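Please open the structure in a viewer and keep the selection panel at hand. The tour below proceeds stop by stop, with a selection at each.

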Amino acid sequence: MLVYFWGFLYSNYFRFWLKWILRLLTRKCELQRVFDGSGAGARRTLSIEHSLESSKNKVLRNAVHAEEAEVEKCVRDVMKEKKIEQKDTGFKTNLHITLLQISGYKRLYSNVENLRKVPYDSDNEEHEEQLIELWNLLMPHENLKARITKQWCDIGFQGDDPKTDFRGMGLLGLVNLVYFSKHYTDEARQILSRSNHPKLGYSYAIVGINLTEMAYSLLKNGALKSHLYNMVSGLPQMEHFHQFYCYLVYEFDKFWFEEEPESIMHFNQYREKFHEKIKGLLLDCDVILTLQNTKKP
């Protein structure tokens with residue numbers, strides 16, 4: 001209760017006067033001070049985002065909701081509102097990049113959410129082609145005998161028709177699995193092989209879809225901001241979300257075998273432990289979590 005009370009006082013009273021005093025002393029607004037005091041990356045972008053969202057000025061608050069096409073105008077409007085000369089190209093460039101990162105994160109979430117909402121449709125030729133591509137990438141030396149077959153269990157699906165396993169994450173789950181198998185084929189086949197371990201084995205495809213849900217939830221709640229703001233100077237793309245997913249798959253496999261669970265029946269317990277580990281890593285404002293960073297040269 002006391003923490004909430006002091007937070008309320010700071011947000012509504014002390015912050016305003018502190019900003020006023022600092023502007024008087026430095027002759028710079030809060031946005032200028034942030035850009036001067038930190039380099040490109042999550043620390044700067046998160047600070048600017050917070051400053052804009054907390055502002056009592058409608059022009060500044062609206063800037064965090066700007067679409068990509070509106071960013072340039074928003075930059076001019078903010079500079080005019082804060083009485084910053086338009087010829088200050090350094091400030092203009094930095095604010096433009098920062099607003100692109102902020103708007104890009106929101107758009108990325110929207111794109112990921114839209115893909116998640118697409119149900120797997122066995123009558124859709126493109127969906128079926130991606131599913132068959134997944135099999136061929138993981139099992140290149142074994143032909144699929146039929147579309148509906150127990151062979152799907154060999155790559156970790158629950159039954160003889162994988163479409164039922166995509167219900168929670170829709171097409172996003174399949175796209176993630178195919179992306180990892182296509183761009184990191186050796187790693188995907190190695191992890192599939194490890195997943196068949198007689199004691200520590202797990203269902204490769206089902207776990208992969210589960211990790212799609214983890215990546216999705218971290219994007220949705222904003223936990224991926226530090227990672228993406230550090231990784232991308234501008235608009236985050238779907239490619240960057242897929243890359244983070246690849247990191248999760250690779251790291252979860254290592255985590256699972258390091259933990260040596262007694263049984264697959266304890267999956268949810270270890271899945272949550274892994275989730276907490278990733279959330280802890282993402283609290284670091286300097287974090288970048290990519291598969292390239294985990295592999296030995």
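The stops run from the overall fold to the core, a cavity, two helices and two loop residues.

**Overall fold.** Begin with a cartoon view of the whole chain, bearing in mind that this is a predicted model. The protein has 14 helices and zero strands, so that its pattern along the sequence is written with α alone, as α-α-α-α-α-α-α-α-α-α-α-α-α-α. Of the 297 residues in the protein, 46% are buried. Contacts with a sequence separation of 6 or more may be considered next: residues 24 or more positions apart account for 66% of them.

**Nonpolar core.** Select L99, I155, F157, L177, F180 and F244. These are the residues with the most contacts inside the largest nonpolar core, which has 86 residues. Which helix gives the most to this core? Colour residues 238-259 to find it: helix α12 contributes twelve residues. As background, nonpolar side chains tend to be buried together in soluble globular proteins. Now centre the view on L99 and display its surroundings. With neighbours within four places in sequence left aside, L99 is in contact with L52, A63, V71, C74 and V75.

**Cavity.** Move next to I191, Y202, Y204, V207, G208, L211, V249 and F252, which line the largest cavity. Two elements, α10 (204-220) and α12, each give two or more residues to this lining. The largest share comes from α10, with four residues. What is the character of the lining, in terms of nonpolar, polar and charged residues? Seven of its residues are nonpolar, one is polar and none is charged. The volume of this cavity is about 30 Å³, and the structure holds one cavity of 30 Å³ or more.

**Helix α3.** Select residues 42-54, which form helix α3. This helix has 13 residues, and the distance from its first C-alpha to its last is 18 Å, close to the 18 Å expected at 1.5 Å a residue. Show the side chains of A42, R44, T45, I48, E49, S51 and L52, which are buried in α3. An α-helix has 3.6 residues a turn, so residues three or four places apart point the same way. L52 has already appeared on this tour, as one of the contacts of L99.

**S226 in α11.** From A42, proceed to S226, which touches A42. S226 is found in helix α11 (residues 225-231). Is S226 buried or exposed? S226 is buried because its relative accessible area is 6%, under the 20% limit. Residues up to four places away in sequence not counted, S226 also touches L46, L282, D284, C285 and V287.

**Two loop residues with positive phi.** Finally, select K83 and then E260. Most residues other than glycine have a negative phi. K83, however, has a positive phi near 55°, and E260 has a positive phi near 50°. K83 lies in the loop between α5 (71-81) and α6 (89-116), while E260 lies in the loop between α12 and α13 (267-282). Why does K83 count as exposed? Its relative accessibility is 72%, over the 50% limit. E260 likewise counts as exposed, because its relative accessibility is 55%.

Note on methods
Residues numbered from 1 in each chain as written. Predicted model: local features only at pLDDT ≥ 70, side-chain atom pairs only at ≥ 80, totals over all residues. Heavy atoms only, no water. Core = buried A, V, L, I, M, F, W, Y, C linked by side-chain atoms within 4.5 Å. Buried < 20%, exposed > 50% of the residue type's maximum accessible area, 1.4 Å probe, protein only. Contact = heavy atoms within 4.5 Å. 1 Å grid on protein atoms, 1.4 Å probe; cavity = no way out; pocket = protein on both sides within 12 Å on 5 of 7 lines; lining within 4 Å. Points joined across faces, edges and corners; volume = space filled by probe spheres on them. Nonpolar A, V, L, I, M, F, W, Y, C, P; charged D, E, K, R; others polar. Expected span 1.5 Å × (residues − 1).
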